[in-house]
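Colleague: Could you take me through one part of this model in detail? I'd like to hear about the helix packing, and then whatever sits around it.

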Amino acid sequence: MSAPVAVVTGANRGIGQAIAVAFAAAGYAVLAGARDPASLAGALAEAGKAAAAAGADGPVVPAPADVRDEASMAALAAAAQDLGPVHTVVANAGVAGPTAPLHEITLEQWRDTVATDLDGVFLTFRAFAPGLIARRSGSLTAISSMTGKRPLYGRTPYSAAKMGVIGLVRTLATELGPYGVRVNAVCPGSVAGPRMDEVIRQQARVRGVPEEQVRAEITGGSPLGQLVAAEEVAAACVYLASAAAITGEDLNVTAGVVMH
């Protein structure tokens, strides 16, 4: 019996890489997408090690995937068929967008953020939904953010897009439920790593406060007093892929910063 297929966009680093690794370790064949497939080398190596350590033998395959481009997403869906029927798709690709007051954000910056973080989820899910509907099974998971549930100073494009993802997920879950297809979102909190370091730098800059203060505020907002590990976000995605009674959910992985 062939391994179930998981498709992950933005799989070249950070959360996306952790998700690809986690699915490989769980025995999935993984189609790992990124705008520049050459940037996937590290993710593929880690996923291969994880799969071997777990005794899994599903392939981990790189693919070009620009979530802003309709044709690219159609090509990704076609490439996935070479691995077998798709079981789950994780729409992870995203950008942080600008950090600035709304009146200083350009229309180009706004559109670039929304095109990647919201339109990208739409185009990814639209490309794969027909196949899941035809098989009357499968799982679609979008990476939203705790910023999809609460404000984040100076990040209006990102916040608007991530809130939009939750609305998309809830509505699509209602549409696809009768076909046995589940749709969920994962809402990470502040995930440790280079991207969070840059967010902290930009927050400190726009607010005119020390970086140490911003970092302390972030960890201080958690009952656990910690940032989130990318691997915890990945574990949530693997869980949702097989959680047969869960759909329309926006699952927090925030170390308790957000509880709704």
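**Helix packing, up close**

Modeller: Let's start with a contact: E70, M73, A74, L76, A77 and A80 in α3 meet L123, T124, R126, A127 and F128 in α4. Bear in mind that this is a predicted model. Helix α3 covers residues 70-80 and helix α4 covers residues 107-135, and their axes come within 9 Å and cross at roughly 40°. That angle makes α3 oblique to α4. As for handedness, α3 passes α4 in a right-handed crossing.

Now follow α4 to another partner. Two packed helices are described by the angle between their axes and the distance between the axes. For α4 and helix α5 (residues 156-176), the axes come within 8 Å and cross at roughly 15°. So α4 is roughly parallel to α5, since angles under 35 degrees count that way. The crossing of α4 and α5 is right-handed.

The contact list for this pair goes like this. From α4 come W110, T113, V114, D117, L118, V121, F122, F125, A129 and I133. They meet T156, P157, Y158, A160, A161, K162, G164, V165, L168, L172 and L176 in α5.

G164 is worth a pause. This glycine lies in helix α5 and is among the residues there that meet α4. Even so, G164 is partly exposed, with a relative accessible area of 22%; buried would need a value under 20%. If you want to place G164 against something further along the chain, try A243: the two are 79 residues apart in sequence and 23 Å apart in space, C-alpha to C-alpha.

Past α4 there is a backbone detail to look at. R136 sits in the loop between α4 and β5, and its phi is near 55°, a positive value in a residue other than glycine. A255 has a phi near 55° too, again positive and again not a glycine. You'll find A255 in the segment after β7. A255 counts as buried, because its relative accessibility is 15% and the cut-off for buried is under 20%.

β5 and β7 come up again with helix α8, residues 230-242. Its buried residues are A230, V233, A234, A236, C237, V238, L240 and A241. Their cover includes α1, β4 (86-91), β5 (138-143), β6 (181-188) and β7 (250-253).

α1 has a part in covering helix α2 as well, so let's finish there. The buried residues of α2 are A43, A47, A50 and A51. They take up an arc of only 100° around the axis, which puts them on the same side of α2. What covers them includes α1 (14-25) and β3 (60-64). Turn to the other side of α2 and you meet A41, K49, A52 and A53, which are exposed.

You can check the length of α2 as well. It has 13 residues, 41-53, and at 1.5 Å a residue they should span 18 Å; the end C-alpha atoms are 18 Å apart, which agrees. Following α2 comes G55, with a positive phi near 75°.

Note on methods: Residues are numbered from 1 along each chain as its sequence is written. This is a predicted model: local features need pLDDT of at least 70, side-chain atom pairs count only at pLDDT 80 or more; totals for chains, interfaces and linings use all residues. Side-chain values use heavy atoms; hydrogens and water are left out. Helices (H or I, at least four residues) and strands (E, at least two) are DSSP runs, numbered from the N terminus. The expected span of a helix is 1.5 Å times one less than its number of residues. Buried means under 20% relative accessible area, exposed over 50%, partly exposed in between (1.4 Å probe, protein chains only). The arc is that of the directions from the helix axis to the C-beta atoms. Contact means heavy atoms within 4.5 Å. Axes are lines fitted to C-alpha atoms, for helices over the stretch in contact, and angles run from 0 to 180 degrees between N-to-C directions. Angles under 35 degrees count as roughly parallel, over 145 as roughly antiparallel, 65 to 115 as roughly perpendicular and the rest as oblique. A crossing is left-handed if the near helix is turned anticlockwise from the far one by less than a right angle, and right-handed if clockwise.
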